[in-house]
Amino acid sequence: MSLAYFALIVAIVSASALEIAGAKFGAQPGMMAAALSVLAAAFSARKADYEHYLRATAWGRWVLIAIPLCIAAQLAPLWLSWAHPIWASVHDALGGLAFGPITADLGLTLNALFLALVALALLGVTIVVVRDRGRAELVLFVLSGIATAGALALDLHWLSPGLMGAAPSDLATSFAGLGTMLNLAVMQLAAERAETRHSLVRSIAIGLCGLLGALASALAIFGLSGTNSAIAVAFGFVLILLILVIRRIDLSPLAAGALSLAALIGTVIVLSFLFEKNAGPILLRLVPDVGAETRAALERMLADTRWFGAGAGTFSAVARIYLSDSGAALMAPSTAFAIFADLGWIGLSAALLAGMMALGRLFFGALQRGRDSFFPAAAAACVVFVLVQGFAGPGLLHPAAILCLAVIVGLGLSQSVSQSSR
């Protein structure tokens with residue numbers, strides 16, 4: 001299992017470092033390392049590891065494969081009434097068989113399928129590998145360091161535009177939001193260590209590192225990003241605080257349920273206010289102002305999108321059809337918009353359902369967990385941030401963000417299950 005653990009860390013570090021540096025091939029090394037991690041875990045896993053995986057994913061294993069299945073279905077030839085309109089146009093012009101795939105670009109959709117399978121496999125490997133608390137702590141440190149590095153890229157670019165100019169700002173914003181939650185977990189880890197018989201000096205050092213990372217991430221997200229991104233982080237922080245209050249005060253199930261319901265109602269009210277601030281399609285209400293011409297082109301794309309979308313990963317290809325009046329190529333304004341354009345309402349609904357189910361599993365896991373509850377709590381806060389940020393920006397479309405999110409959720413799920421069987 002040591003090789004799987006090493007390859008897991010290499011996968012997320014290599015993919016993230018390369019994408020932060022602006023490399024165009026950041027996903028490939030990470031995907032290869034993830035494949036090595038899967039192979040190593042498959043050969044070294046024991047029965048206890050398999051049982052642990054089953055308990056951690058008992059909340060809905062079928063949800064984990066819903067999105068890859070949707071993507072795979074887009075590659076299958078269907079009648080032209082179900083396929084993408086581009087294949088109907090080709091049939092009218094060239095003739096041939098009256099069927100084609102849903103996707104508008106087979107190569108891009110196949111690449112998206114590989115990425116989805118790698119993320120799913122990385123989640124499963126993480127669940128098995130981080131059963132050990134020491135490994136779970138190191139993975140948390142690595143994730144918080146990666147996210148802090150992304151936030152620092154945004155901070156340094158603000159201080160001097162010549163520094164870290166190649167780093168994608170949307171990816172840096174996503175990493176800053178995740179880094180805020182992960183560094184709060186590091187601070188909680190240090191506090192728990194200080195309460196036990198661990199070295200006080202080491203606990204203070206870990207806590208200070210977490211504090212510095214949280215401050216760097218908070219500066220990037222609250223000072224240099226949009227309002228909606230800051231609100232998404234605030235939701236995650238409130239969730240961590242809610243879990244901490246329920247656990248520390250030792251509230252009764254009834255009181256904890258009432259407090260959680262009040263927090264949920266408040267969240268719904270704030271989200272309703274945010275979505276009602278702007279008019280137009282709901283998928284464009286939280287994105288920054290993109291200009292009237294670009295907005296009109298994006299609305300035409302939404303109107304033409306079918307239930308099955310245009311094909312996973314094909315946004316850049318299909319967007320060439322919907323040029324704005326100035327001739328500028330369209331960019332995905334948000335993750336939710338891109339998922340809808342690629343996978344339709346079916347894919348977007350599956351993604352939201354998977355996120356909500358994972359959030360519920362992590363939230364209750366953090367409340368039921370004895371020691372180390374900060375692992376599922378931080379993962380739940382990251383999922384909250386992702387669910388809101390997905391409507392506000394496209395940073396979560398980067399392979400580095402997808403792989404890191406898979407590891408974060410896997411870490412939370414693994415540590416939300418009792419380790420008594422070990």
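# Exercises on a predicted helical model

In α8, the residues Ala136, Val139, Leu140, Leu143 and Ile146 meet Cys404, Val407, Ile408, Leu411 and Gln415 of α17. The structure is a predicted model, and the exercises below begin from this contact.

## Exercise 1. The pair α8 and α17

Determine how α8 and helix α17 are oriented relative to each other.

*Solution.*

Step 1. Two packed helices are described by the angle between their axes and by the distance between those axes.

Step 2. For α8 and helix α17 (residues 399-415), the angle is about 150° and the axes are 11 Å apart.

Step 3. An angle over 145 degrees counts as roughly antiparallel, so α8 is roughly antiparallel to α17.

Step 4. The crossing in which α8 passes α17 is left-handed.

## Exercise 2. Two further helix pairs

Find the orientation and the handedness of the pair α1 and α2, and then of the pair α11 and α16.

*Solution.*

Step 1. The axes of α1 and helix α2 (residues 27-44) come within 8 Å, and they cross at roughly 170°. These two helices are therefore roughly antiparallel to each other. Their crossing is left-handed.

Step 2. On the α1 side, the contact is made by residues including Leu3, Ala7, Val10, Ser14, Ala15 and Leu18. On the α2 side, the residues in contact include Pro29, Gly30, Ala33, Leu36, Ser37 and Ala41.

Step 3. The axes of helix α11 (residues 227-249) and α16 come within 8 Å and cross at roughly 155°. The helices α11 and α16 are therefore also described as roughly antiparallel. The crossing of α11 and α16 is right-handed.

Step 4. Among the α11 residues in this contact are Ser229, Phe235, Gly236, Leu239 and Ile243. They belong to a group that meets α16 residues including Ala377, Ala381, Val384, Phe385 and Gln389.

## Exercise 3. The nonpolar cores

Which residues touch the most other members of the largest nonpolar core, and which helix gives the largest share of that core?

*Solution.*

Step 1. The largest nonpolar core holds 121 residues, and Leu140 and Leu143 touch the most other members.

Step 2. Helix α16 (residues 374-389) supplies the largest share of this core, namely 14 residues.

Step 3. When neighbours within four places in sequence are left aside, leucine 140 is in contact with Leu182, Ala185, Val186, Leu189, Phe374, Phe375 and Leu411. Leu140 and Leu411 also appear in the contact between α8 and α17.

Step 4. Another core, of six residues, lies apart from the largest one; Ile71, Ala112, Ala116 and Ala312 are among its members.

Step 5. Ile71 is also one of the buried residues of helix α5 (residues 66-74), together with Ala66, Pro68 and Gln74. The buried residues of α5 pack against α4 (61-64), α7 (106-129) and α15 (335-368).

## Exercise 4. Cysteines without disulfides

Explain why cysteine 209 and cysteine 382 form no disulfide in this model.

*Solution.*

Step 1. The number of disulfides in the structure is zero. A disulfide requires two cysteine sulfur atoms within 2.5 Å.

Step 2. For cysteine 209, the closest cysteine sulfur is that of cysteine 382, at 19 Å, which is too far for a bond.

Step 3. For cysteine 382, the closest cysteine sulfur is in cysteine 404, at 10 Å, and this too is too far for a bond.

Step 4. The surroundings may be added: cysteine 209 is exposed, with a relative accessible area of 54%, whereas cysteine 382 is buried at 0%.

## Exercise 5. Buried, partly exposed or exposed

Classify alanine 15, leucine 211 and leucine 159 as buried, partly exposed or exposed.

*Solution.*

Step 1. The cut-offs are under 20% relative accessible area for buried and over 50% for exposed, with partly exposed in between.

Step 2. Alanine 15 lies in helix α1 (residues 2-20). Its relative accessible area is 0%, so alanine 15 is buried.

Step 3. Leucine 211 is placed in helix α10 (residues 200-223). With a relative accessible area of 35%, leucine 211 is partly exposed. Its C-alpha atom is separated by 6.8 Å from that of asparagine 183, 28 residues apart along the chain.

Step 4. Leucine 159 belongs to helix α8 (residues 133-159). At 60% relative accessibility, leucine 159 counts as exposed.

How values were computed:
Residues are numbered from 1 along each chain as its sequence is written. This is a predicted model: local features need pLDDT of at least 70, side-chain atom pairs count only at pLDDT 80 or more; totals for chains, interfaces and linings use all residues. Side-chain values use heavy atoms; hydrogens and water are left out. Buried means under 20% relative accessible area, exposed over 50%, partly exposed in between (1.4 Å probe, protein chains only). Helices (H or I, at least four residues) and strands (E, at least two) are DSSP runs, numbered from the N terminus. A nonpolar core is a set of buried Ala, Val, Leu, Ile, Met, Phe, Trp, Tyr and Cys residues joined through side-chain atoms within 4.5 Å. Contact means heavy atoms within 4.5 Å. Axes are lines fitted to C-alpha atoms, for helices over the stretch in contact, and angles run from 0 to 180 degrees between N-to-C directions. Angles under 35 degrees count as roughly parallel, over 145 as roughly antiparallel, 65 to 115 as roughly perpendicular and the rest as oblique. A crossing is left-handed if the near helix is turned anticlockwise from the far one by less than a right angle, and right-handed if clockwise.
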